[in-house]
Amino acid sequence: MDIQTAATEIINKVHAYMREHPESELHRQGKMFGVLMVESSDIRTQHSDDYLAAFSAKLDGSYHHEGFVPPVYEMTTPPVGTSKEESKRLQRLLFAQYNFINGKGENKNLLDIFAYEKPILSPEEWFDTGERSKVKGERIPPSGAGECCAPKLLQYSLTHGLKPIALAEFWVGAPSRTELRKEGCFYAPCSGKCVPILRHMLQGLDVEVKGERLKEEGEKSKVKGERIQVIYEDDYLMVVNKPAGLLSVPGKSDEPSVETYLKAKAVHRLDQDTSGLLVLAKTPEVYKTLQAYFQRRDILKRYEAVVKPSDISHQMSDEGMISLPLLPDPYDRPRQMVNIEHGKVTITRYVVQEQREDGTCLVDFYPLTGRTHQLRVHAAHPDGLNAPIVGDQLYGSPAERLMLHAAEITFLHPITQEEMHFCIPSQF
């Protein structure tokens, strides 16, 4: 059995559960489920289905459902009326009970695992500077750490003599309009809650994060095989056609970027997997002027994208406006989430250029604001196009590449005040 078949079995099992329980929370808000392919070192104890299954946190108020691994530690609710300080003390005691083993046989609790991690702020804390300063001084795990599928599955396998082979997590049930999770779609473990735990648990195991390795190798080959095309250059600025897979500016890793190659400063950014027109400044003065243009929205941009509706019966309008309040997902960077109360306004105009026989559409996007992942979320969200951009691994499904290209840009030259207009079609 392969992992796709195992995931399909669990999805079908959950669907049967939902039919038997019309009151289940899954009809209102879905949940992440996971499967872990395993092998036993003792043939006598070989798991009959060759895989384990789990769900995140509780399902319909219970940690225990037949066919799913138990929690690492069964959390209890603090007494009603507990003060804030007492609640924090109890929370620390609780985190100390969550112990995770790794492939070397070493145990660490959540407090130890997150001791050197950067504190994570909830969406509310982003807008409460007083609380933010307090949180920054504490190295405590985020709420719900240790209750996601991946840590539960690995903990069970490592404590029951089962060798982990392959892991997958996927969403089942009603879609999440806040976090953009959709039925049947696969997702990587969340960066805030799960990755620090998995970093510990995977030590001593002969494992390969296949998707990340392939992505890294693919990006390196693209950078080597595809030259940065300089569209325009003078003494003050450059306009280039950035290939997909290349960073606009240096990141935390040693990966190359447009800035490091060209020794100029990017005035704006394109996502690593987005191709197209990028403006770079050659002097600090020009950089400041162009930055001011972007802040005043004096620069006009058009993107081309290929999107595919999530629902084949969905008919999008030929053109329109999308406005959604976005905020970084504190538990799963770099994903963005829709947050009505605290999110920042994002506005995009779109025009459908072509409906294609394969069910995809070629769309022009005109961003009127410039937030991270704005076009990707506006395309994928049910209150947007409900049609993820093809190849969007965060908000849609993987493909050969992200089909998003910065095709056109217009602005005034910061020195000559001449109108600068550049257009490089995507050929999508």
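## Side-chain packing and pairing in a predicted model

The charged end of K152 sits over the ring of F55, with 4.7 Å separating it from the ring centre. This arrangement comes from a predicted model, and it offers a friendly way into the aromatic side chains. F55 also belongs to an aromatic cluster, which it forms with F33 and F68. A further charge over a ring is found at Y366, where R349 lies over the face at 4.2 Å from the ring centre.

Seven aromatic pairs are present in the structure. In one of them, the ring centres of Y73 and Y98 are 5.6 Å apart and the ring planes meet at 65 degrees; an angle over 60 degrees counts as edge-to-face, so this pair is edge-to-face. Y73 is in the loop between strand 2 (51-55) and helix 2 (84-97), while Y98 is in the loop between helix 2 and strand 3 (99-101), so the pair ties together parts that are 25 residues apart in sequence. How exposed are the two partners? Y73 is partly exposed, with a relative accessible area of 30%, whereas Y98 is buried, at 1%.

Y232 and F422 make up another aromatic pair, and this one is tilted, with 5.7 Å from centre to centre and 45 degrees between the planes. Here the linked parts of the chain are distant: Y232 belongs to strand 7 (residues 229-233) and F422 to strand 18 (residues 419-423), 190 residues apart. Y232 has a relative accessibility of 25%, and because values under 20% count as buried and those over 50% as exposed, Y232 is classed as partly exposed. F422, at 10%, counts as buried.

The next topic is the nonpolar interior. The largest nonpolar core contains 36 residues, and L280, V307, V363, F365 and L385 are those with the most contacts inside it. Several elements each supply at least two residues of this core, including strand 8 (237-242), strand 10 (275-281), strand 11 (300-307), strand 16 (361-367) and helix 10 (374-380). Helix 10 gives the largest share, with four residues. What does F365 touch, leaving aside its neighbours within four places in sequence? Its contacts are K301, R302, Y303, A305, V307, T348, R349, Y350, L375, A379 and L385. Apart from the largest core lies another one, of 24 residues, among them Y98, A145, C149 and L198. Y98 thus appears both in this other core and in the aromatic pair with Y73.

Charged side chains form pairs as well, and the structure holds 13 salt bridges. One of these joins R181 to D332, with 3.0 Å between the closest N and O atoms. R181 is located in the loop between strand 5 (162-172) and strand 6 (186-187), and D332 in the loop between strand 13 (326-328) and strand 14 (336-338), so this salt bridge ties together parts 151 residues apart in sequence. Both R181 and D332 are buried. R296 and D298 also meet through their side chains in a salt bridge, at 2.8 Å from N to O. D298 is partly exposed, with a relative accessible area of 39%.

A further salt bridge is formed by R302 and E408, whose closest N and O atoms are 2.6 Å apart. It links distant parts of the chain, as R302 is in strand 11 and E408 in strand 17, 106 residues apart. R302 is buried, with a relative accessible area of 10%, while E408 is partly exposed, at 23%. Which residues do salt bridges with shared partners join into one network? The members are R302, E304, D364 and E408. R302 therefore takes part in this network and is also in contact with F365, one of the residues with the most contacts inside the largest core.

The cysteines complete the picture. The count of disulfides is zero, where a disulfide requires two cysteine sulfur atoms within 2.5 Å. For C190, the nearest cysteine sulfur is that of C194, 3.6 Å away, and C190 is in no disulfide. C190 is buried, with a relative accessible area of 14%. C194 is likewise in no disulfide; its nearest cysteine sulfur, that of C148, is 3.4 Å away. With 1% relative accessibility, C194 counts as buried.

Technical notes. Residues are numbered from 1 along each chain as its sequence is written. This is a predicted model: local features need pLDDT of at least 70, side-chain atom pairs count only at pLDDT 80 or more; totals for chains, interfaces and linings use all residues. Side-chain values use heavy atoms; hydrogens and water are left out. A nonpolar core is a set of buried Ala, Val, Leu, Ile, Met, Phe, Trp, Tyr and Cys residues joined through side-chain atoms within 4.5 Å. Buried means under 20% relative accessible area, exposed over 50%, partly exposed in between (1.4 Å probe, protein chains only). Contact means heavy atoms within 4.5 Å. Rings of Phe, Tyr and Trp (its six-membered ring) pair if their centres lie within 6.5 Å; planes under 30 degrees apart count as stacked, over 60 as edge-to-face and the rest as tilted. A charge sits over a ring if NZ of Lys or CZ of Arg is within 6 Å of the ring centre and within 35 degrees of the ring normal. A salt bridge is a side-chain nitrogen of Lys or Arg within 4 Å of a carboxyl oxygen of Asp or Glu.
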